[in-house]
Amino acid sequence: KNGPMGYSKGDLVLKKMLLISPDIVGIDAASAKIMNYKPSSIGYIKKAHQLKLGNMKLEELRIKRLVV
């Protein structure tokens, strides 16, 4: 919310997750969704998707949840 230099304790959320993907755009899109943002509302994710550097459409990705 307040960026890397202007954080407050109220901005911090512990998710206890590890995300792994060869698709850097997809993983950033998934991370954005986890943090309650629309991936398409984040400029660099949208631009990287348009440049075909990866896929931000989560419904098109193979996402698995593993419980350890």
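The following is a dialogue about a predicted model and the reasons behind some of the terms applied to it.

Visitor: What makes up the secondary structure of the chain, in helices and strands?
Guide: The chain has 2 helices and 0 strands. Of its 68 residues, 22% count as buried.

Visitor: Why is methionine 56 called buried?
Guide: Its relative accessibility is 14%. Buried means under 20%, so methionine 56 counts as buried. Methionine 56 lies in the segment after helix 2.

Visitor: What is methionine 56 in contact with, leaving aside its neighbours within four places in sequence?
Guide: Its contacts are Val25, Ala29, Pro39, Ser40, Ile45, Lys46 and His49. A contact here requires heavy atoms within 4.5 Å. For proline 39 there is also a C-alpha separation: 6.8 Å from methionine 56, with the two positions 17 residues apart along the chain counted as their distance apart.

Visitor: Which residues make up the largest nonpolar core?
Guide: Val25, Ala29, Ala30, Ala32, Ile45, Ala48, Met56 and Leu58, which is 8 residues in all. Helix 1 (24-34) and helix 2 (43-50) each supply at least two of them. Helix 1 gives the most, with 4 residues.

Visitor: What makes Met56 eligible for a nonpolar core?
Guide: Such a core takes buried residues of certain types, Met among them, joined through side-chain atoms within 4.5 Å. Methionine 56 is buried at 14% relative accessibility, and Met56 is listed in the largest nonpolar core.

Visitor: What is alanine 32, another residue of this core, in contact with?
Guide: Leaving aside neighbours within four places in sequence, alanine 32 is in contact with Tyr37, Pro39, Ile42 and Ile45. Of these, Ile45 is listed in the largest nonpolar core.

Visitor: Why is asparagine 36 called exposed?
Guide: Exposed means over 50% relative accessible area. Asparagine 36 has 71%, and therefore is exposed. This residue lies in the loop between helix 1 and helix 2.

Visitor: What is notable about phi of asparagine 36?
Guide: Phi of asparagine 36 is near 65°, a positive value in a residue other than glycine. Most residues other than glycine have a negative phi. Lysine 52 also has a positive value, with phi near 60°.

Visitor: Where is lysine 52, and how do you know whether it is buried or exposed?
Guide: Lysine 52 is found in the segment after helix 2. Its relative accessibility is 73% and the cut-off for exposed is over 50%, so lysine 52 counts as exposed. Its C-alpha is 9.1 Å from that of valine 25, although the two are 27 residues apart in sequence.

Visitor: Why is methionine 35 called partly exposed?
Guide: Methionine 35 has a relative accessible area of 39%. Partly exposed covers the range between the 20% and 50% limits, so methionine 35 is partly exposed. Methionine 35 lies in the loop between helix 1 and helix 2. Methionine 35 and valine 13 are 22 residues apart in sequence and 8.8 Å apart in space, C-alpha to C-alpha.

Visitor: Which residues lie nearest the centre of the largest pocket?
Guide: Leu18, Leu19, Ile20, Ile63 and Lys64, from a lining of 22 residues. The volume of this pocket is about 790 Å³.

Visitor: How many residues of that lining are nonpolar, polar and charged?
Guide: The lining divides into 13 nonpolar, 2 polar and 7 charged residues. Leu and Ile count as nonpolar and Lys as charged, so Leu18 is one of the nonpolar residues and Lys64 one of the charged.

Notes
Residues numbered from 1 in each chain as written. Predicted model: local features only at pLDDT ≥ 70, side-chain atom pairs only at ≥ 80, totals over all residues. Heavy atoms only, no water. 1 Å grid on protein atoms, 1.4 Å probe; cavity = no way out; pocket = protein on both sides within 12 Å on 5 of 7 lines; lining within 4 Å. Points joined across faces, edges and corners; volume = space filled by probe spheres on them. Buried < 20%, exposed > 50% of the residue type's maximum accessible area, 1.4 Å probe, protein only.
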